[in-house]
Amino acid sequence: MTARVQASVAAPPGRDAERSADRNLPKSPTGIAGLDEITFGGLPRGRPTLVCGAAGCGKTLLAMEFLVRGVTQFDEPGVYVTFEESEEELAQNVRSLGFDVEALVQQGKLAFDYVHIDRREIEETGEYDLEGLFVRLALGIDSVGAKRVVLDTIESLFIGFSNMALLRSELRRLFRWLKDRNLTVVITGERGDGTLTRQGLEEYVSDCVILLDHRVDEQVSTRRLRVVKYRGTVHGTNEYPFLIDVDGISVLPLTSLGLDHRVSNERVSTGVAGLDTMLGGGVFRGSSVLVSGTAGSGKTTIATHFADAACRRGERCLYLAFEESRDQIARNVRSVGIELQAHIDAGRLRLEAVRPSLHGVEMHLVQIHRLVGEFKPSAIVIDPISNLGNTVDASAMLLRLIDFLKTNGITAMFVNLTTSGGALEATEVGVSSLIDTWLVLRDIEAGGERNRGLYVIKSRGMQHSNQIREFVITSRGIDLLDVYAGPEGVLTGSLRASQEAREKAAALVREQEQQRRQRELASRRAVLQAQIDALQHEASTLDHEIGVQARQYTLATDTIDQDRRAAVQRRGKESA
Amino acid sequence: MSNEDRNGRDASPEADESSASTTEQWELRLYTAGQTPKSILAFNNLKRICEEHMPGRYQIEIVDLMRNPRLAKEDQIVAIPTLVRKLPQPLRKIIGDLSDTERTLVGLQLRSRSQ
């Protein structure tokens, strides 16, 4: 995987190379979504291209789409020479893919020729050539004025005829003949054992070789396409996943796997005010956010908040749900006060519910590609990515998806379900390095209940809170509460509540004690005051007594003086 | 394989062949693409074999695909020259310039492969 990623990151084909290649080598656009981007414009014009792969890998469909789109999009009529299926079978097989080839045949834009060779009824009796095939080809080409030809699959000739030397020289003549007529040809070939094709067709078709592959890993089928060789031009060299659905083939082109996407400094809200605060004002536009957590930890609720916020800003949001149906999600989030239906009705929200088991991982991602192309959202939610599988392929694909979204400036939120009990972070190692902001929702179990905690593991390029917040889902949405962090550790839920109650009680007791002491002091003060009052009273009484006593003394002294003078007067009279 | 089966079933292949050689009409068609040496050789070889094995009871039609290209598609012709035995049934296709007489006879079911 690493090697593949490195190879894809290194040296994306430059624009100059592209231009000069275009000048040297005219190309025929296939019209197949993604293929023209990988090949920088299509298949080599006027030359044969070999499309090879095992049975059922989509060769016939690719060839057919090349012809049909040639007619409908580029006004290039075509001839389809089939060696394996009759015209009717072929028309029927591709009708389910939205191609009405019968109508094109009626319009004289498309011609079929079913070359049926049954070896059992053929006896070879000497020298021969394949002029009959040339005659038929010429007839078909002239009847519609074909610019494109499909030979599907010419290897059947090797089963029909036994003279190999003759066949090979005739094939060489055929390809030269086709080139001389300046026809763009697709030749299909069955993949051989250790070789691209069983009969070594690549020996004749040296201009462009495309290999299709159809693998089944863990019961999930994945289709891939690789341009093995494209002479004289640059081309994407990776294995590109592709899917076949009602619109034909879509290849997931990731030619822009450089790290040169524009970055935005604009912040967008996650839809949860408390979380925006933790991140210092939301996440960067065009960044990718991973929300991981165990079952029931509230991941989808966060994701719907994110979607809701985008829609409220008047932007478009694509919500891909792999676990729940549209209605189920809409109903569930209504209970937390989010009305998604209004956004859906207003055309701002597109909720796509897909069963993960239906497709392989590539199919999902190609589908995402297509949805993004159609809906052009500015935000996307994938809920959950864990359903895409945990294989190496899945993370490689996810890398490509993230890159694709970043290139398009789409803010992405990925929800990832982690198994409880295991190492929460371990399962996400493959993805986390690609993610800008990683939120983890964690159950905090204590005191007989389970509460939700949220924390930010990382968030590139911004200051973010290092604290765990308690994450509460109410009927009005998500609230983030500060958790109780004290000497007893981090407490949440009832424990936090009871701890708070205990603290409250203790405070009350302290207050009451304080009041009691206040009262006690006040009363002691009052007693003292009373004593002071009594003493003062006593003092003033004594003051009074002092005064009385002084007056009595003066009075007594006066009386004595008067008595003495009276006595003197009396004695003076006696002596005189 | 099919010839072996036939031999196993038929009581007397020689008798069958002789009866065929006396009553059956042969309708043969030789597809060519222009007057090529291979085509001319094939025609000459065919004529020789017919004169030898079914004198007076055969009819050879030559179809030049250069003039009638549509017949190439309609009659499922790929290799040139191709000889088609239209009658007697079943239809048989023999390709090449018919210079291998043995194989031509086998192809025309005038001789079984094992012989």
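The paragraphs below walk through the two chains of this predicted model and the place where they touch.

Local features are described here only where pLDDT is at least 70, and side-chain atom pairs count only at pLDDT 80 or more, while totals for chains, interfaces and linings use all residues. Residues are numbered from 1 along each chain as its sequence is written, and chains are lettered from A and ligands numbered from 1 in the order in which they are written.

Let us start with chain A. Its secondary structure comes to 17 helices and 25 strands; here helices (H or I, at least four residues) and strands (E, at least two) are DSSP runs, numbered from the N terminus. Of the 576 residues of chain A, 43% count as buried. A residue is called buried if 20 or more other C-beta atoms lie within 10 Å of its own, exposed if 12 or fewer, and partly exposed in between, with C-beta atoms placed from the backbone. Contacts, too, rest on C-beta atoms placed from the backbone: two residues are in contact if these lie within 7 Å. Among the contacts in chain A between residues at least 6 apart in sequence, 72% join residues at least 24 apart.

A good landmark in chain A is its open sheet of nine strands, with the order β17-β16-β18-β19-β15-β20-β21-β22-β23 and mixed pairing. Strands pair through backbone hydrogen bonds, either parallel or antiparallel; in this description, two strands count as paired if DSSP finds at least two bridges between them. At the edges of the sheet are β17 (349–353) and β23 (477–482) of chain A, each pairing on one side only. On average, neighbouring strands of this sheet are turned by 20° against each other, direction ignored. Such angles run from 0 to 180 degrees between N-to-C directions, and the axes are lines fitted to C-alpha atoms, for helices over the stretch in contact. Within the sheet, β15 (residues 288–293) and β19 (residues 411–417) of chain A pair in the parallel sense over six bridges, and S288(A) stands opposite A412(A) in β19(A).

Which helix lies across β15 of chain A, running at about 165° to β18(A)? That is α11(A), and the strands of chain A that α11(A) lies across also include β16 (317–321), β20 (437–446) and β22 (469–474). This helix, residues 299–312, has 14 residues and reaches 20 Å from its first C-alpha to its last, close to the 20 Å expected at 1.5 Å a residue. The expected span is 1.5 Å times one less than the number of residues in the helix. α11(A) is mostly covered, with 13 of its 14 residues buried. Just after α11(A), G314(A) takes a positive phi of about 85°.

Now look at another helix of chain A, α9 (residues 164–180). Its 17 residues should span 24 Å at 1.5 Å a residue, and the end C-alpha atoms are 24 Å apart, which agrees. The buried residues of α9(A) are E170(A), L171(A), L174(A), F175(A) and L178(A). Why do they sit on the same side of α9(A)? They do so because they cover an arc of only 140° around the axis, the arc being that of the directions from the helix axis to the C-beta atoms. What covers them includes β3 (48–53), β7 (148–152) and β8 (184–190) of chain A. The face of α9(A) turned away from the buried side carries the exposed residues A165(A), R172(A), R176(A) and D180(A).

Chain B has five helices and four strands, following the pattern α-α-β-α-β-α-β-β-α along the sequence. Buried residues make up 29% of its 115 residues. Helix α3 (residues 37–53) of chain B lies across β1, β2 and β3 (82–87) of that chain, running at about 170° to β1(B). Strand β1 (residues 26–32) of chain B is joined to β2(B) by seven bridges, and the two run parallel.

Finally, where do the chains meet? The contact takes 22 residues from chain A and 28 residues from chain B. On the side of chain A that touches chain B, β6 (122–124) and α7 (131–144) are the elements giving two or more residues, and α7(A) gives the most, with seven. A sheet also crosses between the chains: five strands form an open sheet in the order β6(A)-β4(B)-β3(B)-β1(B)-β2(B), with mixed pairing. Three bridges join β6(A) to β4 (residues 92–95) of chain B, and these strands run parallel; E123(A) has I94(B) as its bridge partner.
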